[in-house]
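Here's a quick tour of a model, going from helices to the contacts that link them. Have a look at the fold before reading on.

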Amino acid sequence: SRIEAEILAATTQLASIEQSMPLLAENIRLSAGEAEIARSQIVTGQSNLQRLIEAEVQNYRALDSQIAIQAEKMILQLTVAALTGGLGRELGLD
């Protein structure tokens, strides 16, 4: 049925998101490390402001991606809950 297909699609997307989360967390950790290195190297003259700004922007983009993916995950979870009737039960609508 159409509902079963939608549930399958949403759960498949959720599984994909779950698999991508560790990689995204690692990207955030690495980009934060790069920014910290650039920040400390400015003091010694081994880095410049442009490198620091690029590293900070990369970290902010990774964090922004994480927020977007977490929002997508919540939307998919609500979609599955709505399609399976779980949302109505949680809200006391049954």
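What follows is a short walk through the helices, the salt bridges and a surface patch.

Keep in mind that this is a predicted model. Helix α1 covers residues 2-44, and helix α2 covers residues 49-84.

Let's start with α2. At 1.5 Å a residue, its 36 residues should span 52 Å, and the end C-alpha atoms are indeed 52 Å apart, so the two values agree. At the N-terminal end, asparagine 48 acts as a cap, with a side-chain oxygen 3.1 Å from the backbone nitrogen of glutamine 50. Just past the other end of the helix, glycine 85 takes a positive phi of about 90°. The buried residues of α2 include Leu52, Ala55, Glu56 and Asn59.

Serine 47 sits in the loop between α1 and α2. Its relative accessible area is 12%, so this serine counts as buried. Setting aside neighbours within four places in sequence, serine 47 is in contact with Ala38, Gln41 and Ile42.

Now for the charged pairs. Side chains of opposite charge can pair when their charged atoms come close. The model has six salt bridges, and three of them are listed here.

| Pair | Closest N to O distance |
|---|---|
| Glutamate 18, lysine 73 | 2.5 Å |
| Glutamate 26, arginine 29 | 2.6 Å |
| Glutamate 34, arginine 51 | 3.6 Å |

Glutamate 34 belongs to α1 and arginine 51 to α2, so their bridge ties together parts that are 17 residues apart in sequence. Both partners are partly exposed, glutamate 34 at 39% and arginine 51 at 32% relative accessibility. Shared partners also join Glu36, Arg39 and Glu56 into one salt-bridge network.

The pair of glutamate 26 and arginine 29 stays inside α1: they are three residues apart, which means about one helical turn between them.

Glutamate 18 and lysine 73 meet in another salt bridge. This one links distant parts of the chain, with glutamate 18 in α1, lysine 73 in α2 and their positions 55 residues apart. Isoleucine 69, also in α2, is 51 residues from glutamate 18 in sequence but 9.6 Å away in space, C-alpha to C-alpha. Beyond its neighbours up to four places away, isoleucine 69 touches Ile17, Ser20, Met21 and Leu24. At 25% relative accessibility, isoleucine 69 is partly exposed.

Which residues form the nonpolar patch on the surface? They are Ile42, Leu49, Ile53 and Val57, with about 320 Å² of accessible area together. Helix α2 gives the most, with three residues, while Ile42 lies in α1 and is partly exposed at 33%.

Key:
Residues numbered from 1 in each chain as written. Predicted model: local features only at pLDDT ≥ 70, side-chain atom pairs only at ≥ 80, totals over all residues. Heavy atoms only, no water. Patch = residues over 30% accessible without salt bridge, like charges linked within 9 Å, V, L, I, M, F, W, Y side chains within 5 Å. Areas by Shrake-Rupley, 256 points an atom, 1.4 Å probe, with all protein chains shown as cover. Salt bridge = Lys/Arg side-chain N within 4 Å of Asp/Glu carboxyl O. Helix = DSSP H or I, 4+ residues; strand = E, 2+ residues; numbered from the N terminus. Buried < 20%, exposed > 50% of the residue type's maximum accessible area, 1.4 Å probe, protein only. Contact = heavy atoms within 4.5 Å. Expected span 1.5 Å × (residues − 1). Polar contact = N/O pair within 3.5 Å; in protein donor to acceptor, adjacent residues only side chain to side chain.
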